[in-house]
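Let's take a look around this one together. Have the sequence and the 3D view open, and we'll go through it piece by piece.

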Protein chains: 2
Amino acid sequence: MTERTFGLAQPRYLESASMNGRERMLAALKGKTVDRPPVWMMRQAGRTLPEYRAIRAGRSFLEVMHDPAIASEVTLQPVRRFGLDAAIIFCDILIVPAAMGLNLEFIKGTGPVLGPVLRDAADVAALKTPVAERDYAYLLEALARTKEELAGQTALLGFAGAPLTLASYMIEGGSTRTFTELKSFLFGQPEAAAELFDKLADAVGDLLLAQLAAGADAVQLFDTWAGELSAEDYERFAMPYNRRIIARVRQAGGTIMLFLRNGAHLMDAAIESGASGLALDWRMDVDTIIQRLAEHQDGSAPNVLQGNLDPAALFAPPEQIRERVRRLHATVDGRIAHIMNLGHGLHPNTPLTGIEAFVEAVKELG
Amino acid sequence: MTERTFGLAQPRYLESASMNGRERMLAALKGKTVDRPPVWMMRQAGRTLPEYRAIRAGRSFLEVMHDPAIASEVTLQPVRRFGLDAAIIFCDILIVPAAMGLNLEFIKGTGPVLGPVLRDAADVAALKTPVAERDYAYLLEALARTKEELAGQTALLGFAGAPLTLASYMIEGGSTRTFTELKSFLFGQPEAAAELFDKLADAVGDLLLAQLAAGADAVQLFDTWAGELSAEDYERFAMPYNRRIIARVRQAGGTIMLFLRNGAHLMDAAIESGASGLALDWRMDVDTIIQRLAEHQDGSAPNVLQGNLDPAALFAPPEQIRERVRRLHATVDGRIAHIMNLGHGLHPNTPLTGIEAFVEAVKELG
C-alpha cells in the first residue's frame, strides 16, 4: 500500500496499487496502458472546493495566483481531497497577454477584462516580449514548491493558452459570445494577425519550456475558443502556431497535450498536431478518433487520449456518473493509453459528491 | 426581366433571371439545382437593419412580434433591401414556452428571461397545452399578410425552436454558458425530462403545421443548443423528439429544414433525421456531408443543404466575402441542391456592406 504524504494534510483516498499517481500518469503520457487510467480534472483547483473559497475569502484571484505559497497550496487542495494522479498548477492563461503589457483584471460576475484591446498592427508592434524567468517568476516558484510537496507521488502539470484563445481576449477585451471583433481582425487584417500570433507562439513556447524546466512533468496547451472557427479558418489562422509551439516543446524533450475545445470538426488538425496526446472535448467521438489514430502508424500521431466526460455529467446521480465512467473505459477498451478526465473544466458549482463518484469510479477500474 | 412588387416599396435588386425568388427557393427545397443558389440569411429581419431599429425605437420586441402588421413589415424589410429569395417571419422561438404558461420578457443586454423555471415533474405537469390558432393568432395573421405582400415572388418561411433548446430556456430561465441546470434536469430527472420533451414536441409540431396552413412555404426547426450535448446524450434526450416533429410535418406534406447549431459531431443524427433539408452550421464540413448524403440512396435522406458561411465572415472586406461565397459554391459543385445562407444568425452589428457583398456574390453565380 502506497501512502501519499503531503506537508499539509493526509490524502483522503489512499492507493492500494503498486504504482503511484505520478508513475501512472507518466506511463500513460508515454502511451502505455497501466493498471487503471490515471485521473485528474481540468480546473480541479478552484471555486468548486470549499477550502479554495476559504482562501479566496480575503484575497483576489490575482493575489492567489501571484503568491507562490498560496498558489501551491491551492494546487494541492484537490489532490489532497480526491487523491488525484496529477496536479495542475493554479494559474491563468492570461498571464501571457499581461506579460506583453496588457492590463489584466478579474471582475466578479464578468470574468477577465484585458486592455487596452488590440486594434491594428501598431498595437501588435507595441507588445512587449515577455521574459519567462522574470515575468512568470511567481509561477515557476509555485511549480518548484508544488513539485517538492508532491514528492514524486503525483504528477505535476503546467499549461498555457493557445494563440487563438489569447488573441481573442486581447482583441475582444474579455469574454464574448460572438467573437466578431476577433474575426474582424483576423479576416480584415490578416498580416497584423499573423504578426500577433507569431509573437504569441514565441511567448507561449517560452512559458511552457520554463514550466517544464521548473519541474512540470508535462504541459497542456488549451485552445478554449478553437471551436469558434471553421476547420478551414482554423488551419489558416490558428493551427500552424499550435504546431510550432508543440514542435518546440517536443524537440526540447517535453511532453505536451493539446486541447481543442469544441473541436469535433478539428479532428484532423488534432491528429496531425504533433502533440504527445490529445485532451478531448465531450463532443469529440472517442471511438472515431481512436480508429483514426490507428491509421497513423508512423509514430508521429498522439499516443494518449485524455477526457472526455461532459463536466455537467458530474451533476447527475452518482450511479449514473459511475456508469458513464465505465462506458467510456469500455469504449477506449485498451486500444490506446487513456487519462480519465472531463471534456472541459469543472463547473464551479459542481457537487462534491459528483466529483467523488467520478474519481472513485475510475479507481474501481483498477 | 421579372420585377418584384411589394405594397411598401420597390426592391433594391431586380432579378434578370427567368425564375423568381420563390420559384428558385421551392425548386431548391425539392432538391433541384437551379440557375443559382437561392439566398436568404438566418436572423435577416432584425437589429442589423436601420429600418428595423427605427420601428423598434418606440416599441418593445414583443410589441413588434405581437402586431401582425408590424411583424409583417419587419419581415419584408430585408427582402426589400437586399432582394432575397426567402422571407422568414419575424417571431421568436420562445412563443411556445410562453403559450405553455411561462412568463416571457426580453431584457436589453440580458436577452430572454422566462419564468417560473421548471424544477421537477410537477412543474412539467402544470404546463398548459397551447392551441395554435388561438395562442399564435398574431403570428398566423402576420404570415397571411406577408404571403399576400410577397405575391408569390418570394418564398415565405416559418420556424420553431427544437425541444432541447426550448427546454433549456424553460429550465435555465434564460441564456446560460454552462447549461448545468438543463443537464442536471436531463440527467437527474430523465422521466420528467421525457414528459417535458413529449409536450414540447407536440406543441412544436402543432405550431409548424399551423404556420404551413397559414401560408408558409416551408418551415425550419432550430436547435440552437444542439452542440451542448455529446452525440450519445443528444440521441438519448433530444433527437427522437426532433424526428417525431419532422415526421409529422412531412406526413402532412410539409417541407422542413433542420438546423443543429454547433452540431459537427451530430452529422449522423442530421443525415438520419428525415428532414427535407439541413441547415449547416459553419463548423459542419460541407464536402464530407455531401459525400455522406450520397451514400444514402434510398430517398429518405435530406436532399438540400443550406448555409454555411460563418456569419462573422460578413465583417471581412467585401472581396473576401465574395471569395468565400465562390469557394462554398465550388465545394458544393452541383452535387446537391444548395440554399446559400449563413451558418448561424446574422450578428446584430454586421456591416450592411458585408451583407450586400454576400447577396451580390450569390447573384453573380447565376
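Helix α15 (residues 286-294) of chain A packs with helix α16 (residues 318-332) of chain A at an angle of about 20 degrees, their axes lying 9 Å apart. That makes α15(A) roughly parallel to α16(A), a label for angles under 35 degrees (over 145 is roughly antiparallel, 65 to 115 roughly perpendicular, the rest oblique). Axes here are lines fitted to C-alpha atoms, for helices over the stretch in contact, and angles run from 0 to 180 degrees between N-to-C directions. Helices (H or I, at least four residues) and strands (E, at least two) are DSSP runs, numbered from the N terminus.

Who does the touching? On the α15(A) side it's A:Val286, A:Asp287 and A:Ile290, and on the α16(A) side A:Leu328, A:Thr331 and A:Val332; contact means C-beta atoms, placed from the backbone, within 7 Å.

A quick note on the source: this is a predicted model, where local features need pLDDT of at least 70, side-chain atom pairs count only at pLDDT 80 or more, and totals for chains, interfaces and linings use all residues. Residues are numbered from 1 along each chain as its sequence is written, while chains are lettered from A and ligands numbered from 1 in the order in which they are written.

Now for the sheet. Chain A has an open sheet of seven strands in the order β1-β4-β5-β6-β7-β8-β9, with parallel pairing; strands pair if DSSP finds at least two bridges between them. Its edge strands, each pairing on one side only, are these:

| Edge strand | Residues |
|---|---|
| β1 of chain A | 86-88 |
| β9 of chain A | 337-342 |

Neighbouring strands of the sheet are turned by 25 degrees against each other on average, direction ignored. Strand β8 (residues 304-309) of chain A pairs with β9(A) in the parallel sense over six bridges. A:Leu305 has A:His338 of β9(A) as its bridge partner.

And the two chains? A turn of 180 degrees and a shift of 0.0 Å along the axis lays chain A on chain B with an RMSD of 0.0 Å, which is the relation of a two-fold axis. The superposition is by least squares on C-alpha atoms of residues with pLDDT of at least 70 in both copies. In chain A, A:Ala264 comes closest to the rotation axis, at 3.1 Å (C-alpha).

The contact takes 25 residues from chain A and 25 residues from chain B. On the chain A side, α10(A) gives the largest share, five residues. Since 100% of the interface residues of chain A are also interface residues in chain B, the copies meet through the same surface.

Definitions and conventions: Two residues are in contact if their C-beta atoms, placed from the backbone, lie within 7 Å.
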